[in-house]
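Here is a short report for a reader meeting this protein for the first time. It looks at empty space, packing, cysteines and a few single residues.

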Amino acid sequence: MKSWRNKNTITLHLPTLYHKLVYHMATQLHDSPIFGPVHSRRLGLSLGINLMPPDGKICTFDCIYCECGYNSDNHPHSRRPSREVVKQHLERWLIDMNNRKTFPDVLTFSGNGEPTAHPDFGLIIEDTIRLRNRYVPRAKISVLSNATMIHRIKVREALMKVDMNILKLDAVDNSLSEILDRPNISSYDPAEIIKYMKAFHGHLIIQTIFLKGIDDEGNETDNTSERYLAPWLEALKVIRPQSVMVYTIDRETPAKGLKKADPSMLDAICRRVKALEIPCSVAY
């Protein structure tokens, strides 16, 4: 692999077009700050931007279904990439993809943790918009977020600038969120999250995973049941997102007792969302 060095002696590795992963048991970590491109079930050809270290996970959630594994199993030894490093690496990737005539459909902020928790998230979004406009103007910019930072006005302002502001809402019920998402910030409250989601005035896409099974602590869950589904649908009425993404697990999960939601159930959920006059897509 070739390398490129700038006058500030930051070494950048020119990309090879494959999805580089670091495997930790059955789960996986993403390279940083750029990984991919990957073919996303929901987004098309996606070039990933990981604002967390490549050798560990930093997240405000500790989801039982996370493909990166549990936080406790993936303590990083390196730091998050700086704004300058992200900008330089992304530019080199986009130049290389242009030379190869391989154009991404979307530039996606995701990876080994919550991207909006990066202290320079807003400035990195501005850099990314400028680079996108210069090199791949047809590509969309997407952020996959668990929504835990949207109480911060600068985070909301940054998310308003991206094309696809995709926010997680797995549960409206606090007890279910504690099982599925395991938030590790004491202030997390789904009711507050819904309030801030409403403040986007429709410039957001709700992303919800549906699954069933038993977690590592023996808690049984099935968020396709009406007990959890009806309040979730009521929340969508309040939020009025531009669309909803319904999906289920696709890779191995840290909690081994989890199962996919049935395709017929996902279709039924999607029909109920559409009945609210909200577009909905399904990834099985």
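A search of the whole structure, which is a predicted model, turns up one cavity of 30 Å³ or more. Its volume is about 50 Å³. Rolling a probe the size of a water molecule over the atoms shows where empty space is left.

Which residues line the largest cavity? They are Asp170, Ala171, Val172, Leu176, Thr208, Phe210, Asn223, Tyr228, Leu229 and Trp232. Helix α6 gives the most to this lining, with three residues. By class, the lining of the largest cavity has seven nonpolar, two polar and one charged residues.

**The largest pocket**

The largest pocket holds about 910 Å³ of space. Its lining counts 42 residues. Nearest its centre lie Arg42, Glu67, Ser110, Leu144 and Arg251. The lining is made up of 16 nonpolar, 16 polar and 10 charged residues.

Several strands take part. Those that give two or more residues to the lining of the largest pocket are β5 (34-40), β6 (44-50), β7 (106-110), β8 (140-145), β9 (164-168), β10 (205-209) and β13 (243-247). Strand β5 gives the most, with four residues.

Ser110, one of the residues nearest the pocket centre, lies in strand β7. Its contacts, leaving out residues up to four places away in sequence, are Phe35, Ile49, Asn50, Leu51 and Leu144. Leu144 is also among the residues nearest the centre of the pocket.

Gln207 sits in strand β10. Beyond residues up to four places away in sequence, Gln207 touches Arg42, Leu144, Ile166, Leu167, Lys168, Leu169, Asp170, Met245 and Tyr247. Two of these partners, Arg42 and Leu144, are named among the residues nearest the centre of the largest pocket. Another, Asp170, belongs to the lining of the largest cavity.

**Nonpolar cores**

In soluble globular proteins, nonpolar side chains tend to be buried together. Here the largest nonpolar core has 74 residues. Tyr65, Met197, Trp232, Leu236 and Val244 have the most contacts inside it. The largest share of this core, seven residues, comes from helix α6 (residues 226-239). Trp232 also helps line the largest cavity.

Leu236 shows the packing in detail. Leaving out residues up to four places away in sequence, Leu236 touches Ile206, Pro241, Val244, Val273, Leu276 and Ile278. Apart from the largest core lies another, of six residues, among them Leu43, Val106, Met164 and Met245. Met245 is also a contact of Gln207.

**Cysteines**

How many disulfides does a search of the whole structure find? It finds zero. A disulfide is a covalent bond between the sulfur atoms of two cysteines. Why is Cys59 not bonded to Cys63? The closest cysteine sulfur to that of Cys59 is in Cys63, 6.4 Å away, and this is too far for a bond. Cys68 is in no disulfide either, with the nearest cysteine sulfur, that of Cys66, 4.4 Å away.

**Single residues**

Is Cys59 buried or exposed? Cys59 is buried because its relative accessible area, 19%, is under 20%. The table sets out the values for several residues.

| Residue | Relative accessible area | State |
|---|---|---|
| Ile124 | 1% | buried |
| Cys68 | 2% | buried |
| Gln207 | 6% | buried |
| Ser110 | 15% | buried |
| Gly111 | 18% | buried |
| Cys59 | 19% | buried |

Gly111 is found in the loop between β7 and α2. Setting aside residues up to four places away in sequence, Gly111 touches His30, Phe35, Asn50 and Cys68. Gly111 and Cys68 are 43 residues apart in sequence, and their C-alpha atoms are 8.1 Å apart in space. Phe35 and Asn50 are contacts of Ser110 as well.

Ile124 has its place in helix α2 (residues 121-135). Apart from neighbours within four places in sequence, Ile124 is in contact with Leu51, Arg83, Val86, Phe109 and His118. Leu51 also touches Ser110. Between the C-alpha atoms of Ile124 and Ala158 there are 9.2 Å, with 34 residues separating the two along the chain.

How values were computed:
Residues are numbered from 1 along each chain as its sequence is written. This is a predicted model: local features need pLDDT of at least 70, side-chain atom pairs count only at pLDDT 80 or more; totals for chains, interfaces and linings use all residues. Side-chain values use heavy atoms; hydrogens and water are left out. A nonpolar core is a set of buried Ala, Val, Leu, Ile, Met, Phe, Trp, Tyr and Cys residues joined through side-chain atoms within 4.5 Å. Buried means under 20% relative accessible area, exposed over 50%, partly exposed in between (1.4 Å probe, protein chains only). Contact means heavy atoms within 4.5 Å. On a 1 Å grid over the protein atoms alone, a cavity is a set of points where a 1.4 Å probe fits but cannot get out, and a pocket is an open set with protein on both sides within 12 Å along at least five of seven lines; lining residues have an atom within 4 Å of a point. Grid points are joined across faces, edges and corners, and a volume is the space filled by probe spheres set on the points. Ala, Val, Leu, Ile, Met, Phe, Trp, Tyr, Cys and Pro count as nonpolar, Asp, Glu, Lys and Arg as charged, and the others, Gly among them, as polar. A disulfide is a pair of cysteine sulfur atoms within 2.5 Å.
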